[in-house]
Amino acid sequence: MSHLQTLLLDTLLGTKHVDSAALIKLQERSLCVASPGFSVMPSDVRTLVNGFAKNPLQTRREGLYFKEKDYKCVRADEYSLYAKNENTGVVVVKTHLYLLVATYTEGMYPSVCVEATEKLGEYLKKKGC
């Protein structure tokens with residue numbers, strides 16, 4: 001298991017409020033690592049990368065189509081995207097090299113998912129990642 005995958009498992013899934021997580025390489029627009037059983041299709045990678053490439057207001061208005069679901073965008077700025085679909089959601093944090101993606105499901109606290117994802121994003125940014 002790689003250091004990055006261990007980080008995802010320990011700091012995100014370890015909270016019990018993150019269902020799945022992944023790191024996407026921004027430059028290559030490809031999946032770097034993911035939690036077991038979490039597959040991120042190339043179309044989903046494009047959706048997330050494009051969510052940051054657009055004007056944040058446009059992303060907020062249009063929402064995201066991720067993992068075959070429409071998500072309402074509740075936050076969109078140059079570093080973070082938060083979107084929800086009923087009782088599930090996706091949190092995306094942009095670092096220098098990666099998009100950090102975390103999902104939560106019904107029964108999990110979205111605020112814990114957001115806090116853990118943002119903190120890991122800050123850690124990666126400080127490490128130059």
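This passage describes the nonpolar cores, residue T103 and helix α2 of a predicted model. Local features require pLDDT of at least 70 and side-chain atom pairs count only at pLDDT 80 or more, whereas totals for chains, interfaces and linings use all residues. Residues are numbered from 1 along each chain as its sequence is written, and side-chain values use heavy atoms, with hydrogens and water left out.

The largest nonpolar core (buried Ala, Val, Leu, Ile, Met, Phe, Trp, Tyr and Cys residues joined through side-chain atoms within 4.5 Å; buried means under 20% relative accessible area, 1.4 Å probe, protein chains only) has 22 residues, of which L8, L12 and L23 touch the most other members. Two or more residues come from each of α1 (3–12), β1 (20–25), β6 (88–94), β7 (98–104) and α4 (110–126) (DSSP runs: helices H or I, at least four residues; strands E, at least two; numbered from the N terminus). The most, five residues, come from α4. A second, separate core of 21 residues includes A22, V45, Y71 and C73.

T103 lies in strand β7 and is buried, with a relative accessible area of 9%. Its side chain makes a polar contact (N or O atoms within 3.5 Å, one able to donate a hydrogen and the other to accept it; residues adjacent in sequence count only if both atoms are side-chain atoms) with the side chain of S20, at 2.5 Å.

The end C-alpha atoms of helix α2 (residues 42–53) are 16 Å apart, in agreement with the 16 Å expected for twelve residues at 1.5 Å a residue (1.5 Å times one less than the number of residues). In α2, the buried residues are D44, V45, L48, V49, G51 and F52. They cover an arc of only 150° around the axis and therefore lie on the same side of α2 (the arc is that of the directions from the helix axis to the C-beta atoms). P42 and A53, on the other side of α2, are exposed (over 50% relative accessible area).
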